[in-house]
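Subject: Structure handover and notes

Dear colleague,

Here is the structure I promised to pass on to you, with the sequence alongside. My notes follow beneath it, and I would suggest reading them with the model open.

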Amino acid sequence: MNELKQAFENGKALIAFLTAGDPSIEDSVRYVKVMEEAGADIIEIGVPFSDPVADGPVIMEADVRALAHHIHLPQALDEARAIRKASSIPLVFLTYYNPVFSYGAERFFRECAAIGVSGVIIPDLPLEEQGEVRPHADRFGVSLIQLIAPTSRERVQAIARAASGFVYLVSSMGVTGMRDGFSGGVEEMAAAVREVTDVPCAVGFGIHTPAQARQMAALADGVITGSGVVDLIGKHGASADEALSAYIRGLKDAVRDLPPRL
Amino acid sequence: MKGRFGLFGGQYVPETLMSEVLRVEEAYETYKNDPQFLAELADLNRNYTGRPSLLYEAKRLSADLGVKVYLKREDLNHTGAHKINNCIGQALLARRMGKTRLIAETGAGQHGVAAATVAALFGMECEVYMGEIDTERQALNVYRMRLLGAKVHAVKTGSRVLKDAVNAAMQDWSARCGDTHYLIGSAVGPAPFPEMVRDFQSCIGREMREELLRREGRLPDAVVACVGGGSNAIGTFYPFVQDEGVRLVGCEAGGKGVDTPYHAATMARGRTGVFHGMKSLFCQDEDGNITEVYSISAGLDYPGVSPEHAELHRAGRAEYIAVTDEEAVAAFEYLARTEGIICAIESAHAVAGAVRTAKTLPPGSVMAVTISGRGDKDVAAIARYRGEALRD
C-alpha cells in the first residue's frame, strides 16, 4: 500500500493505463517500461473482459484484441509477474468483478500480494458490495481502490473512509474515453474526500491532452490516462514505443511544476 | 438481506450509477404500496392492456396430452406480450421520479415495442437499444417501435444481441441518468429491478391462481413458462411459490442442444457469477468472461437469468428444463394446429415444456401454461427455419 502513497510524494502523480496483452504480453511489458521511463508514476493494468460495461469504445476494442489471443485474468497476472522482473513501478489492476469472482477473490488477492501488485480497481463493485472481497484485500495488504463519481454526492465521505492507496475521482458521467470537456465538480469531490482521509486523489476519465492533465492535476494529487494510451497502442501495434514515450512525457511535463500534494 | 434472493441478487453497478439505482429503489419502496399508484396501475392494466388476460381451457390440447391444460393468454394483451405489464408499472414510477426519457434494451423487440408504447402513452422520449443481429431477425418490431416514436439503436458491439443491448443501455444510463429511467425489460439487473419487475408481472400468476381456484376449485398440479431473463416465468411462479404441491416448470432455450456451444441454457450450463448488476447464474468461460449464447428465439437469447430463478433453482423449488430450437418450432406448429393459436417462439418453448411435463403427470391433473406473447413477429423466421422464403 505504501508504494502507492509514495508515488504521490514527488509532485503530481501520473497514472497510465494499458490493457494486458495488447498487442501481446511481451509488447505490453515493454510499454510499461517505456512509460515508466517517460515519467509515469503508477501503472494500471486492465484485465480484458468480454463485457466492459464501464468502458468506452477505445478500451472495449483493446479488450476484444486481447481476448482474441486468450488474455484472461491468469494471463494478466503473468504479465504483472513479468513487469515485476524488470521494474519496481507501483502496479494496480483494473478488472471487472466477474473474472475475480470466478478466479476466487482470496486466491486473486493472495496472488496480487505475491507478485507485488499494490491495488485493485473493480468498477462494478460499489462500496455496498465490497464486503465479500474486502477481508481478502485487507489480509493480503492490497488496496481496494475506491471510485467517486459526479453523482456520488452524499456517498462521497462514506466511500472515502473506506479508501486506501488512492481515490479514483471520475471526472465525468458515462464511460471511459477521450473527451474535450468534463462535467465539473472534481474540486468539490476532492475537498469532500480530504475532509475525511489523507489518501491521495487521482482524476481519471477523458484526460488525454497536456492541458487537460494540468487542469485536472491542479484540482487533485494526480491524473489517470487510459484511452489515450490504448488508442496509441491500437494504432501502432507492436511499434508504439516512441509514440507512447512522447505522449506520457507530454502529460508529465504539463504537471511537473504544479505544487505537490495539497 | 435487502435486494437478495438467498445468495443471489445485489447491486453490482459502477459508482456512477449507484446513486440513481438507490433512487429507483427508494421510489419503488415509496410507491409499491401507495393506493393511488396501485389504482392508476390497475386502471391502465384493465383499460389499456386489457387485463385480466384470458385463462383458456385448451380442450384439444388437453385431449391430446391427457391432462387438463389451461393457457394464460398474455399474447392477447395490448402490444401482444406480457412485457407491457412491466412497462406500465415502471413508466408510472419514472413519471413520479420526474423522468422525461425512457431507455430500454430489447431482444425479440417485444419489450422495445412495449417501452415505446408506454412512452407514447405518457408523452415521454424513448430510445431503444437492440443488438444489430436482432434488428435483422425482428425487423418488423424495429419498424413498430419507430412508428410509436421511439429511436432504435442497432448495437454493433460484442455479439450484437440482447446482452450487448443491455451493455449499451447501461452505458447510456451512466452518461445521462438525470432525466432518464432505464426501463429494464426482464427481472434482471441490480436491485430493485428483479423484485420490481416480478411484482409488475405477478398479475399473471395471481389471475391464473384465482381463476383456477374459481373454475377447478383447486390449485393446478403444474405451471409452466418460458425463461430467458425470466420475467413472465417469475410473474407466473411467484404467487404459487408458497403452494408446495404446485410444480413450477421453467423452460429455457436449449438452442441446438445443451451439449453443443449453441444454447442459452443458463440453468443447465451456467455458473454463479456477477454481471449486469446482479449475482446470478451466467453462461461464462472458465475465466469469467460472459459467453455468447444462442437460441432461435431472440427473446431467450440471454446469458443470465433472474436472481430469483437462480434461487428457486438452488432451493429445488422450481425445475428448469432446456428446450431445443427443433422442439420449440414443433411446439409452435403444434399449438397453431391444435388450438388455432400462433404463439411467440419464446412461448413455444413453454408449450414444448408442457408437452414433456404432461407425460410426468397422472391423468386428471391440471396444468397451466403461460403463453407470454403472440407469434406474428416469428412467422417469417419459422418459415425460413422450415426452408421457405416469405415475401410481404
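To begin with a single position: which residue of β8(B) does Leu102(B) stand opposite? The residue facing Leu102(B) is His181(B). Please keep in mind throughout that this is a predicted model.

**The sheet in chain B**

That pair belongs to a wider arrangement. Strand β5 of chain B, which covers residues 101-106, pairs with β8(B) in the parallel sense, and three bridges hold the record of that pairing. Both strands are part of an open sheet of four strands in chain B, ordered β7-β6-β5-β8 and paired in parallel. At the edges are β7 (151-155) and β8 (180-182) of chain B, each of which pairs on one side only, and from one strand to the next the twist averages 20 degrees. As general background, the strands of a sheet pair through backbone hydrogen bonds, in either the parallel or the antiparallel sense. Lying across β5, β6 (125-131), β7 and β8 of chain B is helix α8 of the same chain, residues 162-175, which runs at about 160 degrees to β5(B).

Within strand β8 of chain B you will find Thr180(B), a residue that is buried, with a relative accessible area of 0%. Although Thr180(B) and Leu102(B) are 78 residues apart along the chain, their C-alpha atoms are separated by 5.6 Å. Leaving out residues up to four places away in sequence, Thr180(B) touches Glu20(B), Lys99(B), Arg101(B), Ile103(B) and Trp173(B).

**The nonpolar cores**

In soluble globular proteins, nonpolar side chains tend to be buried together. Here the largest nonpolar core has 75 residues, and those with the most contacts inside it are Phe93(A), Phe108(A), Phe109(A) and Leu169(A). Helix α2 of chain A (residues 25-38) supplies the largest share of this core, namely six residues. Apart from that core lies another, of 61 residues, which includes Met18(B), Ala114(B), Ala150(B) and Ala168(B). To return to one member of the largest core, Phe109(A) is in contact with Val120(A), Val133(A), His136(A), Ala137(A), Phe140(A), Val142(A) and Leu144(A), once its neighbours within four places in sequence are set aside.

**A buried serine in chain A**

The loop between α4 (73-86) and β3 (91-94) of chain A contains Ser87(A). Is Ser87(A) buried or exposed? Its relative accessible area is 7%, which is under the 20% cut-off, and Ser87(A) therefore counts as buried. When residues up to four places away in sequence are not counted, Ser87(A) touches Lys33(A) and Glu36(A), and with the side chain of Glu36(A) the side chain of Ser87(A) makes a polar contact at 2.7 Å.

**Cysteines**

Over all chains the structure holds zero disulfides. Cys177(B) is in no disulfide, and the nearest cysteine sulfur, that of Cys126(B), is 17 Å away; Cys177(B) is also buried, at 4% relative accessibility. Cys251(B) is likewise in no disulfide, the nearest cysteine sulfur being that of Cys226(B), 7.5 Å away, and Cys251(B) counts as buried at 0% relative accessibility.

**Backbone points to check by eye**

Most residues other than glycine have a negative phi, and most peptide bonds are trans. Against that background, four places deserve a look.

- Asp22(A) and Pro23(A) are joined by a cis peptide bond, with omega about 0 degrees, and Pro23(A) is in the loop between β1 (13-19) and α2 of chain A.
- From Arg51(B) to Pro52(B) the peptide bond is cis as well, with omega near -5 degrees, and Pro52(B) has its place in the loop between α2 (35-49) and β3 (55-57) of chain B.
- His70(A), which is not a glycine, has a positive phi near 60 degrees; this residue is in the loop between α3 (57-68) and α4 of chain A and is partly exposed, with a relative accessible area of 38%.
- Arg160(B), also a residue other than glycine, has a positive phi near 60 degrees; Arg160(B) is in the loop between β7 and α8 of chain B and counts as partly exposed at 29% relative accessibility.

With best wishes

Key
Residues are numbered from 1 along each chain as its sequence is written. Chains are lettered from A and ligands numbered from 1 in the order in which they are written. This is a predicted model: local features need pLDDT of at least 70, side-chain atom pairs count only at pLDDT 80 or more; totals for chains, interfaces and linings use all residues. Side-chain values use heavy atoms; hydrogens and water are left out. Two strands pair if DSSP finds at least two bridges between them. Helices (H or I, at least four residues) and strands (E, at least two) are DSSP runs, numbered from the N terminus. Axes are lines fitted to C-alpha atoms, for helices over the stretch in contact, and angles run from 0 to 180 degrees between N-to-C directions. Contact means heavy atoms within 4.5 Å. Buried means under 20% relative accessible area, exposed over 50%, partly exposed in between (1.4 Å probe, protein chains only). A polar contact is a pair of N or O atoms within 3.5 Å; within protein, one must be able to donate a hydrogen and the other to accept it, and residues adjacent in sequence count only if both atoms are side-chain atoms. A nonpolar core is a set of buried Ala, Val, Leu, Ile, Met, Phe, Trp, Tyr and Cys residues joined through side-chain atoms within 4.5 Å. A disulfide is a pair of cysteine sulfur atoms within 2.5 Å.
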